[in-house]
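Visitor: I should like to discuss the model shown here. Please explain the terms as they arise.

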Amino acid sequence: MAAPAPAVADPKAKEVDCTRVKCVALTFDDGPGKYAGKLLDILKEHDAKATFFLEGQYVKSRPAYVKRMVKEGHAVGNHSYAHPDFTKSTAATIRSEIKKTNDAIKKAAGVEPKLLRPPYGMSDLQVQDIAVEFGMPIILWTGGSRDWESKNEEKIKKQTLSVAKGNSIVLMHDWVKQTVDAMPSIIKTLQRNGYHLVTVDDVIKHEELKPGDVFPLPEGWEQ
């Protein structure tokens with residue numbers, strides 16, 4: 001069977017310079033979740049971009065969402081195939097998890113992800129070395145919505161807005177229904193406060209990250 005045509009992003013999409021305007025990158029892990037379609041509708045309605053760190057197992061079962069993400073100008077990254085802790089995995093397992101997910105995303109949307117977010121945000125020197133092999137920087141987050149913990153719409157909104165600052169990278173999950181339900185209010189509040197909702201690529205554009213680099217560095221880490 002022929003491979004699908006690449007899901008090409010809209011060429012008219014506006015470039016945002018996050019050194020000149022206030023930017024926030026909302027990132028969604030573990031998907032595409034079953035509410036991804038509704039989330040994409042909301043993002044489109046409000047002209048907001050996001051980054052999806054995808055698990056290969058769900059890319060395989062929900063490929064249409066992945067194609068739509070890319071087509072509508074969102075960024076897609078690699079979040080492993082089945083979410084094992086990479087710091088407790090063999091090198092062979094880590095390589096397999098990354099490759100299978102890259103292959104699944106390419107099959108679904110015609111693009112290869114350029115960014116890696118290890119499960120649980122757990123990384124070490126072995127993970128960094130393997131990320132180098134795949135040519136991928138490791139992207140963590142500056143703050144989280146804690147949506148998986150509270151599963152409460154108001155708490156998710158309050159927590160997200162408290163950590164959404166200039167050039168922040170916010171961790172969320174599109175399998176949490178309350179997160180998706182809170183998104184219209186979160187987006188409108190951020191936009192009203194002058195923030196542009198962009199992809200991680202826009203936020204890290206001037207960081208000159210190399211493959212294997214971790215960004216943002218957790219407190220106490222040295223590159």
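Guide: Let us begin with the charged side chains. K106 is partly exposed, with a relative accessible area of 43%; here buried means under 20% relative accessible area, exposed over 50%, and partly exposed in between (1.4 Å probe, protein chains only). This is a predicted model in which local features need pLDDT of at least 70 and side-chain atom pairs count only at pLDDT 80 or more, while totals for chains, interfaces and linings use all residues. Residues are numbered from 1 along each chain as its sequence is written, and side-chain values use heavy atoms, with hydrogens and water left out.

Visitor: With which residue does K106 form a salt bridge?

Guide: A salt bridge is a side-chain nitrogen of Lys or Arg within 4 Å of a carboxyl oxygen of Asp or Glu. The closest N and O atoms of the pair in question are 3.8 Å apart. The partner is partly exposed, at 38% relative accessibility. The residue that pairs with K106 is E112.

Visitor: Which residue meets K99 in a salt bridge?

Guide: Side chains of opposite charge can pair when their charged atoms come close. K99 is partly exposed at 45% relative accessibility, and its partner lies four residues away in helix α4 (residues 91-109), about one turn of the helix. Helices (H or I, at least four residues) and strands (E, at least two) are DSSP runs, numbered from the N terminus. At an N to O distance of 2.7 Å, the partner of K99 is D103.

Visitor: In which helix do D181 and K177 both lie?

Guide: These two residues form a salt bridge whose closest N and O atoms are 2.7 Å apart. Both are partly exposed, D181 with a relative accessible area of 23% and K177 with 41%. They are four residues apart, about one turn of the helix, and that helix is α8 (residues 177-192).

Visitor: How many salt bridges does the structure hold?

Guide: Beyond the pairs already named, D41, K44, R68 and E72 are linked in a network of salt bridges. For the structure, the number of salt bridges is 13.

Visitor: Why is strand β1 described as largely enclosed by the rest of the structure?

Guide: The strand covers residues 22-31, and the description rests on how many of its residues are buried. It also pairs with β7 (residues 195-198) in the parallel sense over four bridges, where two strands pair if DSSP finds at least two bridges between them. β1 is largely enclosed because the buried residues number nine of the ten.

Visitor: Which residue of β6 stands opposite L26?

Guide: Six bridges join β1 to β6 (residues 168-173), and the two strands run parallel. In the pairing of β1 with β7, V24 stands opposite L197. In β6, the residue opposite L26 is V170.

Visitor: Which residue in β2 is the bridge partner of T27?

Guide: β1 and β2 run parallel and are joined by four bridges. The chain crosses from β1 through helix α1 (residues 36-45) to β2 in a right-handed β-α-β crossover, meaning that, with the strands pointing away from the viewer, the path from the first strand over the helix to the second runs clockwise. In β2, the bridge partner of T27 is T51.

Visitor: Which residue in β3 is the bridge partner of F53?

Guide: Strand β2 (residues 51-54) runs parallel to β3, and four bridges join them. Both faces of β3 (residues 75-78) are covered, with A75 and G77 buried on one side and V76 and N78 buried on the other. The bridge partner of F53 is G77.

Visitor: What is the separation of the C-alpha atoms of M122 and P84?

Guide: M122 is found in the loop between α4 and α5 (125-133) and is partly exposed, with a relative accessible area of 36%. Leaving aside neighbours within four places in sequence, M122 is in contact (heavy atoms within 4.5 Å) with D85, F86 and T87. M122 and P84 are 38 residues apart along the chain, and their C-alpha atoms are separated by 9.9 Å.

Visitor: What radius of gyration does the protein have?

Guide: The protein has nine helices and eight strands, and buried residues make up 50% of its 223 residues. The radius of gyration is taken over C-alpha atoms, and the globule rule is 2.2 Å times the number of residues to the power 0.38. A compact globule with 223 residues would have a value near 17 Å, with which the protein agrees, at 16 Å.
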